[in-house]
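Please look over the sequence and the 3D structure below before reading on. The report takes up a few local features in turn.

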Amino acid sequence: MSIAILVVLCGAAGALAVLGPERAPQSFSGSFGADGALRLNSGFWMLLVVSAGSLLGNLHRIVRERTTVSREGLVLAGRRTRRVAWPPSRSYFFLRTRRHLGHAEACAWLLDPAGTALRVPGTRRLSKDEDRALLAAAAAVQTIWEWGVTRAVAYDDGSYCPAPNDAIEQERRASDRRVSYLTSCGIVPGTGAHPGAL
């Protein structure tokens, strides 16, 4: 969104600079000084600074946020970096979804030993289709868990720890049921497509 605002603002300023005071639309005639130089108002600059700041903030988040797996556990590097030991069961990972600007966003979460729900950076998936986003995030979790299993550091003892927040627990169970249903229908995790469509 901030990229679109930046493009429009820069395009408008460029068009006004090229057109000059004689050919600019009447609504922009106040944008030029008496000497014919382009003068942009404070609203334009405020929008430009806010959208550029938003863009830089999003780029910083994309570059900084990641999950690193090792034999000792997971390093969740987001706003704060947290080190978490491998959970005793695959069920400690769960998915949450939300709608945002016409897109579905699915992200993996992890219950730490104290029962706190921690977002797993790098597993956020966006799609217009909620099922596709959910399956892509589920594939990311499966990749993390399989890494631990293949290196004999993660074991599934079958335990289940409910989330301390009832709303999160209900969302967790609903997401698990939805992923189970989609995979039982033959939907390929990570792609959202039926096997015959690949």
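What follows describes a sheet, two residues and a pocket in this model, which is predicted.

## The three-stranded sheet

An open sheet is built from 3 strands in the order β1-β2-β3, and the pairing within it is antiparallel. Because β1 (66-70) and β3 (81-84) stand at the edges with a single partner strand each, one side of each is left without a neighbour in the sheet. From one strand to the next, the twist averages 15°.

The pairing can be followed strand by strand. β1 and β2 run antiparallel and are joined by 5 bridges, and the two form a hairpin with 2 residues between them; within this pairing, Thr67 stands opposite Leu76 in β2. On the other side of the pairing scheme, β2 (residues 73-77) is paired with β3 over 4 bridges, again in the antiparallel sense, and here Ala77 has Thr81 of β3 as its bridge partner.

## Two buried residues in contact

Which residues does Arg172 touch, leaving aside those up to four places away in sequence? Arg172, which is found in helix α4, touches Ser91, Tyr92, Phe94, Leu95, Leu111, Tyr160, Cys161, Pro162 and Ala163. Its relative accessibility is 0%, and because buried means under 20%, Arg172 counts as buried.

Tyr92, one of the residues that Arg172 touches, is found in the loop between β3 and β4. Tyr92 has a relative accessibility of 10%, and therefore also counts as buried under the 20% limit. When residues up to four places away in sequence are not counted, Tyr92 touches Pro87, Trp109, Leu110, Leu111, Ser159, Cys161 and Arg172. The C-alpha atoms of Tyr92 and Asp156 are 9.9 Å apart in space, although these two residues are 64 residues apart in sequence.

## The second largest pocket

The second largest pocket has a volume of about 240 Å³. Its lining consists of 14 residues, and those that lie nearest its centre are Arg90, Leu95, Ala138, Asp176 and Val179. Two or more residues of the lining are given by each of the elements β4 (93-100), α3 (130-150) and α4 (166-184).

How many residues of each class are found in the lining of the second largest pocket? There are 8 nonpolar, 4 polar and 2 charged residues. Helix α4 thus links two parts of this report, since α4 holds Arg172 and also contributes to the lining of this pocket.

Conventions:
Residues are numbered from 1 along each chain as its sequence is written. This is a predicted model: local features need pLDDT of at least 70, side-chain atom pairs count only at pLDDT 80 or more; totals for chains, interfaces and linings use all residues. Side-chain values use heavy atoms; hydrogens and water are left out. On a 1 Å grid over the protein atoms alone, a cavity is a set of points where a 1.4 Å probe fits but cannot get out, and a pocket is an open set with protein on both sides within 12 Å along at least five of seven lines; lining residues have an atom within 4 Å of a point. Grid points are joined across faces, edges and corners, and a volume is the space filled by probe spheres set on the points. Ala, Val, Leu, Ile, Met, Phe, Trp, Tyr, Cys and Pro count as nonpolar, Asp, Glu, Lys and Arg as charged, and the others, Gly among them, as polar. Two strands pair if DSSP finds at least two bridges between them. Axes are lines fitted to C-alpha atoms, for helices over the stretch in contact, and angles run from 0 to 180 degrees between N-to-C directions. Buried means under 20% relative accessible area, exposed over 50%, partly exposed in between (1.4 Å probe, protein chains only). Contact means heavy atoms within 4.5 Å.
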